[in-house]
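Me: I have a structure to go through and would like short answers with the reasoning shown. Please start with the cysteines and then move to the charged pairs.

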Amino acid sequence: GSLSGDDLIRRFKMEAVSAGSLHHPNIVAIHEVGVHDGQHFLVMDFVDGPNLSELVRDQPLPAKRAATYVQIIAEAIHYAHEQGILHRDLKPSNVLIDSKDQPRVTDFGLARQMDGDSSLTLSGQVMGSPGYMPPEQASGARGKTDVRSDVYSLGATLYHLLTGRPPFGGSSVSETLHQVETQEPIPPRLLNCSVPLDLETICLKCLEKDQADRYSSALLVAEELTRFENGEPILARPTTVTSFPELQWADKSYVHRYREIADYVIPDRWRLFQVLGSFFRHHFAGRRRVRVCDLGCGDGVLAAALLTVDSTIDLTLVDGSAEALATTRDRLGERTNTSYEVAAFDAIIRRDVRLGPFDFIASSFAIHHVHHAEKSVLFQRLIDQLQPGGWFMNIDITLPDHEVLNGWMLELWREQILEAEARHCPPRSSREVPEEAWNNPDNKYATLGSQLKALRVAGFVEVDCHYRNGIFGIYSGRKPACLASHEQQ
């Protein structure tokens with residue numbers, strides 16, 4: 001248009017040069033470029049259909065359909081790479097679906113030649129769509145984008161098709177770019193439980209922060225998706241933990257050894273249980289029946305502590321390890337009002353484990369080394385499932401996110417474990433928690449503030465943090481309900 005600046009006109013012409021040299025059935029072709037009465041124009045293929053973003057506006061696509069689309073797109077992008085062209089702005093809105101249900105890649109306005117440098121890319125300048133661009137592009141660093149950058153955007157597109165949202169999205173462009181550079185994406189299965197593990201694995205490998213950890217070409221992405229579509233084993237391995245068969249909890253000898261030394265190797269553990277017991281007596285004293293779901297019950301110490309407060313509590317104990325549950329059963333003995341559920345957290349997401357109605361959900365995600373992105377969605381799923389009137393409480397690590405403090409904590413635990421194993425007795429001494437840890441206002445390692453905010457946003461009342469030091473925190477909230485109707489339940 002008449003108000004277009006020089007940069008926009010150069011980008012317009014760049015699209016004509018880049019896409020005009022590509023002849024592929026899944027790339028929208030450009031046939032002519034010119035100017036008429038001062039108006040710049042392109043003549044392109046007409047595609048009578050929606051773009052992928054419009055296609056997933058109401059709900060995510062079925063896994064097989066999403067995989068097929070991205071597999072075809074990946075082959076088209078590989079062809080562009082073979083012609084020496086990077087797209088650099090792949091996203092669902094830049095893929096059109098034609099009348100034969102075939103994806104067609106368009107908008108090469110940010111493309112550049114791989115053997116040269118685009119005059120549109122300036123040092124420190126970020127160009128592209130924030131939610132779909134790779135970290136090396138989000139940082140504005142010049143000269144670091146390559147074919148693996150488009151591989152990242154293929155993964156981001158697949159992510160959107162599977163979940164209905166991009167991998168990252170903040171309230172502003174700068175916040176989104178910060179997430180792209182510093183945060184891990186929430187695994188797709190935690191947003192859409194129907195996503196197969198293999199397809200999630202392919203998607204997350206494309207979205208690795210480090211270029212060296214991604215697929216090295218779009219062709220490899222297409223081949224992996226073809227394996228998935230054919231029901232064949234994929235080559236990539238899962239990058240996240242939502243089940244625990246390979247963790248130490250699945251090792252029977254480790255579980256029993258842990259039970260023997262746990263009270264010595266976990267700082268402030270009994271202090272936490274004292275706080276929990278006090279909370280329990282205050283809110284549930286005199287109730288005729290209290291039901292508790294203890295998620296990640298581990299060695300059963302939390303359950304045992306609750307039973308010292310009220311021996312009539314109905315318990316549902318959930319863990320990803322049968323050995324851990326066996327250890328819990330040994331600790332508690334046989335109780336008619338206790339049930340044991342062997343289930344990893346992904347089963348909870350699918351609601352394969354019946355959590356409600358419970359009066360109380362206690363959880364300690366920290367002990368299971370759950371990735372923070374997974375923890376966030378688990379947190380949300382749990383408070384969604386809690387019945388009106390019920391309580392949610394979580395015990396979490398609250399060590400500030402600082403390299404020095406993290407290193408100190410790991411070293412402290414290492415020393416305590418070694419000494420406890422060598423002496424079969426408590427360590428004689430341990431260092432005090434650093435002042436920086438006690439005084440940190442946010443305890444950002446577990447984003448305790450955001451968890452409390454999430455409870456409030458979800459409509460919970462009496463949201464509070466009951467205990468917080470430099471290592472652990474306990475926080476809770478109650479889902480509102482009429483007192484009379486809750487007592488009837």
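Me: How many disulfides does the structure hold?
Reply: This is a predicted model, and a disulfide needs two cysteine sulfur atoms within 2.5 Å. For C203, the nearest cysteine sulfur is that of C206, 6.7 Å away. The number of disulfides in the structure is zero.

Me: Why is C206 not bonded to the closest cysteine sulfur?
Reply: C206 is buried, at 2% relative accessible area, and C203 is buried too, at 0%. The closest cysteine sulfur to that of C206 belongs to C203, and the gap is too far for a bond: 6.7 Å.

Me: How many salt bridges does a search of the whole structure find?
Reply: A pair counts when a side-chain nitrogen of Lys or Arg is within 4 Å of a carboxyl oxygen of Asp or Glu. R214 with E136 is one of the pairs, with closest N and O atoms 2.9 Å apart. The search of the whole structure gives a total of eight.

Me: How far apart in sequence are the parts that R214 and E136 tie together?
Reply: The two residues form a salt bridge, and both R214 and E136 are buried. R214 sits in the loop between α8 (197-206) and α9 (218-229), while E136 belongs to helix α4 (residues 135-138), so the parts they tie together are separated in sequence by 78 residues.

Me: Which helix holds both R227 and E224?
Reply: R227 forms a salt bridge with E224, and their closest N and O atoms are 2.9 Å apart. E224 is buried, with 1% relative accessibility. The two residues are three apart, about one turn of the helix, and that helix is α9.

Me: Which residues are joined into one network by salt bridges that share partners?
Reply: D98 pairs with R104, with 3.9 Å between the closest N and O atoms. D98 is buried at 17% relative accessible area, and R104 is buried at 12%. R227 and E224 form a salt bridge as well. The network built through shared partners consists of D45, D98 and R104.

Me: Which residue has its backbone oxygen 3.0 Å from a polar atom of the side chain of S153?
Reply: S153 lies in helix α5 (residues 147-163) and is buried, at 2% relative accessibility. Leaving out residues up to four places away in sequence, S153 touches L90, Y132, M133 and P134. The backbone oxygen 3.0 Å from the S153 side chain is that of Y132.

Conventions
Residues numbered from 1 in each chain as written. Predicted model: local features only at pLDDT ≥ 70, side-chain atom pairs only at ≥ 80, totals over all residues. Heavy atoms only, no water. Buried < 20%, exposed > 50% of the residue type's maximum accessible area, 1.4 Å probe, protein only. Helix = DSSP H or I, 4+ residues; strand = E, 2+ residues; numbered from the N terminus. Polar contact = N/O pair within 3.5 Å; in protein donor to acceptor, adjacent residues only side chain to side chain. Contact = heavy atoms within 4.5 Å.
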